[in-house]
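Biologist: I would like a close look at a single part of this model, the larger of its sheets if there is more than one. Please describe how the strands are arranged, what packs against them, and how the surroundings are held together.

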Amino acid sequence: MTKNIALKKINQIISLSNKNNLITNFILKKNLIWFFNNHDENDLKLLYSKASQIRDKYCGKKIVVRALIEISNYCSCECLYCGLNCKNSSLERYRLNKEEILSSIENISKNKIETLVMQAGEDFYVRKMMPQLLREIKEKYPNMAITLSLGEDSFNNYKLWKEKGADRYLLRIEASNPTLYKKLHNKKNVFTRKKCLSNLQKLGYQTGSGMMIGLPYQTSKNLAEDIIYFNKHNFDMIGIGPFIPHPETKFFDKSQGSVEMTLKAIALSRLILKDSWIPATTALGSLDKDYRIDAIKAGANVIMPNFSPEIYKKQYEIYPNKICIKEENKNAQNILEEISCACQLPLSFERNDRIKNY
Ligand code: SAH
């Protein structure tokens, strides 16, 4: 019965997304909220299949592989949802040294993967080592795309890292609404975060943002506004995953984000941003079952196997039970093949740079 309405709304979302003015954004927002509040199975099936078609048309029929190394779990921040927050004294902290990082990259390169993502908490040690490290990686692996995800930093540091070889940067906005952002972060505000994202884009980074779904206090309206914020800035990558409560955080007793809401956010972001890279996030793989396949069927197109040294994987505990703890590095190719087979999409190990025209 609602199928025609859903189809009409999907087509409206697809066609209005490139207008980006007050009136079209008002209509877009209404349509996004309609989907976030809709649980009709047929409507959602239609949404996911349209999102997959848009992905295939704008990004090609493939799943892109990006390898992740978590280089330090030290963090000076107090984000209320994150297990790495500096107030969590029960977490054993680690930092990879240069040799450990280079040996992980050697392994990534042997697996023929051409994108490397280095992620960490906000750690002064990592910042200090970065310029020299980037130079060495670029020298040894000139064709490797280097993505950083090291949190907020100064324009000058972002600039220096770019000059030394970083190509891309991931910094999720987490929540674009200032009041909501404040409720989730001690001693931080969304304006600094937005400034960082704009600096990264100015410096020519292929820039990724994103959000968590199901955070305490978050509403459907917030999610719709986040997607409209992504569209306004036309980010190259959008990472979306469910919030998973961590026992050693202020939000230990809050409920987990829902899979359905996460899949809807992925599909709606795909309809609107069209040619962005959208990962099937590790968080979606870490629930009662592995939902990364469902994410790809809802329009996602990136998978990020974890190549951190096995002994440290457990310690990068932003949330509990990360799937990568169960997935050994030596089995990475098999796990990727399984996902590819289930989604009937081939894997691509190439760099897969920005598609968007600027
Ligand atoms: N310091 C970096 C990396 C942070 S960890 C930065 O600031 O960008 C990477 C992402 O994990 C975060 O951006 C956040 O969206 C996600 N994350 C943190 N805690 C989480 C939780 N409890 N559940 C799900 N995702 C979480």
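**The parallel sheet and its surroundings**

Modeller: In this predicted model, strand β4, residues 115-120, pairs with strand β5, residues 145-149, in the parallel sense over five bridges. Within that pairing, Thr115 stands opposite Ala145 of β5. The two strands belong to an open sheet of six strands with parallel pairing, in the order β2-β4-β5-β6-β8-β9. At its edges stand β2 (67-72) and β9 (237-242); each has a single partner strand, so one side of each is left without a neighbour in the sheet. On average, neighbouring strands are turned by 20 degrees against each other, direction ignored.

Two helices on this sheet deserve attention. Helix α9 (residues 220-233) packs on the sheet and touches β8 (206-213) and β9, its direction making about 175 degrees with that of β8. Helix α10 (residues 259-273) also packs on the sheet and touches β8 and β9; the angle between its direction and that of β9 is about 165 degrees.

The nonpolar interior comes next. The largest nonpolar core has 113 residues, and those with the most contacts inside it are Ile71, Met118, Met130, Leu148 and Trp161. Helix α10 gives the most to this core, with 10 residues. Leaving aside residues up to four places away in sequence, Met130 touches Ile71, Met118, Leu148, Leu150 and Trp161. A second, separate core consists of eight residues, among them Cys59, Val64, Val117 and Trp277.

Charged pairs complete the account, and the structure holds 28 salt bridges. In one of them, Lys187 pairs with Glu78, and the closest N and O atoms are 2.6 Å apart. Lys187 lies in the loop between β7 (185-186) and α8 (190-202), and Glu78 in strand β3 (residues 78-79), so the pair ties together parts that are 109 residues apart in sequence. Lys187 counts as exposed, at 71% relative accessibility, whereas Glu78 is buried, with a relative accessible area of 12%.

Another salt bridge joins the side chains of Glu136 and Lys98, at 2.7 Å from N to O. This pair links distant parts of the chain, with Glu136 in helix α5 (residues 124-140) and Lys98 in helix α4 (residues 98-110), 38 residues apart. Lys98 is partly exposed, its relative accessible area being 26%.

The side chains of Asp290 and Arg292 also meet in a salt bridge, at 2.9 Å from N to O. Here Asp290 counts as partly exposed at 26% relative accessibility, while Arg292 is buried, with a relative accessible area of 5%. In addition, salt bridges that share partners join Glu122, Arg127, Glu152, Asp153, Glu174, Lys188 and Arg193 into one network.

A further sheet can be set beside the one described above. This open sheet of three strands has the order β10-β1-β11, with parallel pairing. Its edges are formed by β10 (302-303) and β11 (347-348), each with a single partner strand, so one side of each is left without a neighbour in the sheet. Strand β1 (residues 63-65) pairs with β11 in the parallel sense over two bridges, and the bridge partner of Val64 in β11 is Ser348. Val64 is also one of the residues of the second core. Helix α14 (residues 332-343) lies across β1, β10 and β11, and runs at about 165 degrees to β1.

Definitions and conventions: Residues are numbered from 1 along each chain as its sequence is written. This is a predicted model: local features need pLDDT of at least 70, side-chain atom pairs count only at pLDDT 80 or more; totals for chains, interfaces and linings use all residues. Side-chain values use heavy atoms; hydrogens and water are left out. Two strands pair if DSSP finds at least two bridges between them. Helices (H or I, at least four residues) and strands (E, at least two) are DSSP runs, numbered from the N terminus. Axes are lines fitted to C-alpha atoms, for helices over the stretch in contact, and angles run from 0 to 180 degrees between N-to-C directions. Contact means heavy atoms within 4.5 Å. A nonpolar core is a set of buried Ala, Val, Leu, Ile, Met, Phe, Trp, Tyr and Cys residues joined through side-chain atoms within 4.5 Å. Buried means under 20% relative accessible area, exposed over 50%, partly exposed in between (1.4 Å probe, protein chains only). A salt bridge is a side-chain nitrogen of Lys or Arg within 4 Å of a carboxyl oxygen of Asp or Glu.
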